[in-house]
Amino acid sequence: MIAQAHHPNYAFDYSVQDPHTGDVKSQWETRDGDTVRGQYSVLEPDGTLRTVQYTADDNKGFRAVVKKIIPDLNYIPPGSIYGTETHEHNHI
């Protein structure tokens with residue numbers, strides 16, 4: 001019996017945007033033989049978006065570039081008390 005060379009190959013992606021919990025994230029990844037490429041992003045509780053782009057192969061190993069995008073100053077996290085409560089003060 002002659003063994004055949006196996007060449008792994010796949011691709012996937014997904015994303016979540018849950019307004020009830022504020023869970024916002026996504027990921028994609030591909031593999032072609034011994035090379036893997038991908039990216040994932042996560043919306044942090046402070047409103048920053050963390051994105052990681054990565055590659056891995058037999059020559060250079062695992063490499064990642066992490067970016068953090070500063071939030072819009074008008075961002076209000078889902079479920080936050082900011083912007084959802086009103087306070088009234090009466091001074092006599």
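In the predicted model, S41 touches V24, K25, S26, L49, R50 and T51 when residues up to four places away in sequence are left out of the count. The residue lies in strand β3, which spans residues 35-43, and S41 is buried, its relative accessible area being 9%. Among the residues touched by S41 is T51, and the side chains of S41 and T51 are joined by a polar contact of 3.1 Å. The assignment of S41 as buried follows from the cut-off, because a residue counts as buried under 20% relative accessible area and the value for S41 is 9%.

Two of the residues touched by S41, namely K25 and R50, also take part in salt bridges, of which the structure holds 4. K25 is paired with D23 through a side-chain salt bridge with an N to O distance of 3.4 Å. Both partners are partly exposed, with a relative accessible area of 30% for D23 and likewise of 30% for K25. R50, in turn, meets E44 in a salt bridge between side chains, for which the N to O distance is 2.7 Å. Here the two partners fall into separate classes of accessibility: E44 counts as buried at 18% relative accessibility, whereas R50 counts as partly exposed at 27%. The split arises because the boundary between buried and partly exposed is set at 20% relative accessible area, with E44 at 18% and R50 at 27%.

A further salt bridge is formed by R31 and D34, whose closest N and O atoms are 3.9 Å apart. This pair is counted because the criterion admits a side-chain nitrogen of Lys or Arg within 4 Å of a carboxyl oxygen of Asp or Glu. R31 is partly exposed with a relative accessible area of 26%, and D34 is also partly exposed, with a relative accessible area of 47%.

The loop between β3 (35-43) and β4 (49-57) contains T48, which counts as buried at 6% relative accessibility. The side chain of T48 is engaged in a polar contact of 2.7 Å with the side chain of D46. T48 thus combines a loop position with an assignment as buried, because its 6% relative accessibility lies under the 20% limit.

Turning to the aromatic residues, a search of the whole structure finds 2 aromatic pairs. One of these is formed by Y10 and F12, which are stacked, with 6.3 Å from centre to centre and 20° between the planes. The pair is classed as stacked because planes under 30 degrees apart are so described, and the angle for Y10 and F12 is 20°. Y10 is found in strand β1, which covers residues 9-18, and is partly exposed with a relative accessible area of 33%. F12 is likewise partly exposed, its relative accessible area being 34%.

Y10 and F12, together with Y14, also make a nonpolar surface patch of about 270 Å². Membership of such a patch requires over 30% relative accessible area, a condition that Y10 meets because its value is 33% and that F12 meets because its value is 34%. The stacked rings of Y10 and F12 therefore belong to residues that contribute to the nonpolar patch, both being partly exposed, at 33% for Y10 and 34% for F12.

Note on methods. Residues are numbered from 1 along each chain as its sequence is written. This is a predicted model: local features need pLDDT of at least 70, side-chain atom pairs count only at pLDDT 80 or more; totals for chains, interfaces and linings use all residues. Side-chain values use heavy atoms; hydrogens and water are left out. Patches are made of residues with over 30% relative accessible area and no salt bridge: like charges are joined within 9 Å, nonpolar side chains (Val, Leu, Ile, Met, Phe, Trp, Tyr) within 5 Å. Accessible areas come from the Shrake-Rupley method with a 1.4 Å probe; for residues, only the protein chains shown count as cover. Helices (H or I, at least four residues) and strands (E, at least two) are DSSP runs, numbered from the N terminus. Buried means under 20% relative accessible area, exposed over 50%, partly exposed in between (1.4 Å probe, protein chains only). A polar contact is a pair of N or O atoms within 3.5 Å; within protein, one must be able to donate a hydrogen and the other to accept it, and residues adjacent in sequence count only if both atoms are side-chain atoms. Rings of Phe, Tyr and Trp (its six-membered ring) pair if their centres lie within 6.5 Å; planes under 30 degrees apart count as stacked, over 60 as edge-to-face and the rest as tilted. Contact means heavy atoms within 4.5 Å.
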